[in-house]
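Please read the points below alongside the model. They cover the ligand site and then a few single residues.

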Amino acid sequence: MCDFEKQILLPFDYFFGLFKPKTSILGSVFSGEIESIGSSVQRFKVGDQVFGHTDMSFGTYANYKCFPENGSIALKPKTISHQEAAVIPFGGTTALHFLKKTSIQKGQKVLVFGASGAVGTAAVQLAKHFGANVTGVCSTANVDLVKSLGADKVIDYTKEDFTKNGQTYDVIFDSVNKMPVSDSLQSLKIYGTLILSAAGFSEMAQGTWVSITSSKKIKVIAGMINHTADDINFLKTLIELGELKPIIDKTYSLEQMVEAHTYVEKGHKKGNVVISL
Ligand SMILES: NC(=O)c1ccc[n+]([C@@H]2O[C@H](COP(=O)([O-])OP(=O)(O)OC[C@H]3O[C@@H](n4cnc5c(N)ncnc54)[C@H](OP(=O)(O)O)[C@@H]3O)[C@@H](O)[C@H]2O)c1
């Protein structure tokens with residue numbers, strides 16, 4: 001079964017602009033203070049400290065952003081800083097979107113591939129919250145980080161290939177699109193779920209193909225995420241309970257944006273990178 005079979009596949013250029021960027025200001029997550037509100041706004045007041053996700057409207061690499069009150073926005077947890085709150089919605093909503101689609105059960109075995117990235121660090125913590133037995137896959141440098149997030153087991157991909165150790169999982173969550181899809185099938189249980197949160201078109205097509213041709217009754221989940229204010233509020237609650245920690249690798253100023261993107265695009269950040277204004 002394939003969860004994205006009813007979606008329409010469009011080239012990413014369609015979203016971001018065919019001939020030139022549709023939006024000149026990027027950035028989709030934020031944390032800050034409300035400076036003014038419209039006359040009919042009821043959920044928030046001036047001075048509220050809020051965090052959230054703008055999704056495809058982007059525009060958060062800026063000092064000001066106009067935002068609908070019914071968007072994916074919530075009061076910031078008082079226990080963390082704006083920098084820490086700003087990194088939560090990106091990985092948090094992505095991991096939550098996909099894990100919710102698995103109907104994850106207590107005691108199920110979940111493997112998170114790319115467990116040290118923005119989505120991966122959130123996926124490990126959310127899967128633990130849902131009661132799963134979690135295995136994280138990362139390189140040697142990130143083993144301690146992933147253990148500190150509550151992973152029951154950590155596999156160092158530079159020393160061990162998880163597809164060859166004989167273990168099977170209810171859910172395999174590839175958060176970085178670096179996992180060989182076909183090899184991973186042998187590590188899925190017969191009714192297992194494969195999450196390909198960072199898949200491009202070719203991996204999605206491969207996922208569709210394996211879900212049709214595999215002798216196992218596997219479910220493949222990919223595609224664009226969606227989220228609401230309830231999701232941001234859910235993440236806020238987990239932060240307040242101490243079950244979701246923001247992981248920050250580096251912080252840059254707005255003027256250092258090129259440096260920040262260059263670092264992120266190397267594909268080895270630990271958790272998240274913050275732009276501080
Ligand atoms: N479906 C959606 O709507 C949606 C929403 C949000 C994001 N995404 C996608 O998610 C991706 C970004 O995720 P992210 O920000 O979480 O990634 P990220 O933080 O950039 O990932 C970095 C991590 O990947 C690990 N990694 C790199 N190469 C690896 C390998 N060969 N094997 C295992 N781990 C490896 C690195 O660990 P080491 O340094 O230890 O190798 C590093 O900690 C993007 O492709 C984005 O398009 C999709």
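The numbered points that follow refer to a predicted model.

1. Ligand shell. The ligand is surrounded by 24 residues. Ser116, Val119, Ser139, Tyr157 and Lys269 are the closest of them. By class, the shell consists of 10 nonpolar, 12 polar and 2 charged residues.

2. Polar contacts to the ligand. Three side chains are worth checking here. Ser116 has a side-chain N or O atom 2.6 Å from an oxygen atom of the ligand. For His268, a polar side-chain atom lies 2.7 Å from a ligand oxygen, and for Asn142 the corresponding separation is 2.8 Å. The ligand taken alone exposes 930 Å², of which the protein buries 80%.

3. Origin of the shell. Two elements, helix H2 (82-101) and helix H3 (118-129), give two or more residues to the shell around the ligand. H2 provides the largest share, with 3 residues. In terms of domains, at least three shell residues come from domain 1 (4-90 + 226-276), and at least three from domain 2 (91-222).

4. Pro89. This residue sits in helix H2. Pro89 is classed as buried because its relative accessibility is 0%, and the cut-off for buried is under 20%. Its C-alpha atom is 10.0 Å from that of Asp55, and the two residues are 34 apart along the chain.

5. Cysteines. The disulfide count is 0. Cys66 has a relative accessible area of 74% and is therefore exposed, the limit being over 50%. Cys138, at 1%, falls under 20% and so counts as buried.

6. Positive phi at Ser103. Most residues other than glycine have a negative phi. Ser103 is not a glycine, yet its phi is positive, about 50 degrees. The residue is located in the loop between H2 and strand S4 (109-113). With 48% relative accessibility, Ser103 is partly exposed, because that value lies between the 20% and 50% limits.

7. Positive phi at Asn177. Which sign does phi take at Asn177? It is positive, at about 60 degrees, although Asn177 is not a glycine. Asn177 belongs to the loop between strand S7 (169-174) and helix H5 (181-184). Its relative accessible area is 29%, so Asn177 is also partly exposed by the 20% and 50% limits.

Key. Residues are numbered from 1 along each chain as its sequence is written. This is a predicted model: local features need pLDDT of at least 70, side-chain atom pairs count only at pLDDT 80 or more; totals for chains, interfaces and linings use all residues. Side-chain values use heavy atoms; hydrogens and water are left out. A residue is near a molecule or strand if one of its heavy atoms lies within 4 Å of it. A polar contact is a pair of N or O atoms within 3.5 Å; within protein, one must be able to donate a hydrogen and the other to accept it, and residues adjacent in sequence count only if both atoms are side-chain atoms. Accessible areas come from the Shrake-Rupley method with a 1.4 Å probe; for residues, only the protein chains shown count as cover. Helices (H or I, at least four residues) and strands (E, at least two) are DSSP runs, numbered from the N terminus. Ala, Val, Leu, Ile, Met, Phe, Trp, Tyr, Cys and Pro count as nonpolar, Asp, Glu, Lys and Arg as charged, and the others, Gly among them, as polar. Domain bounds come from an automatic or database domain assignment. A disulfide is a pair of cysteine sulfur atoms within 2.5 Å. Buried means under 20% relative accessible area, exposed over 50%, partly exposed in between (1.4 Å probe, protein chains only).
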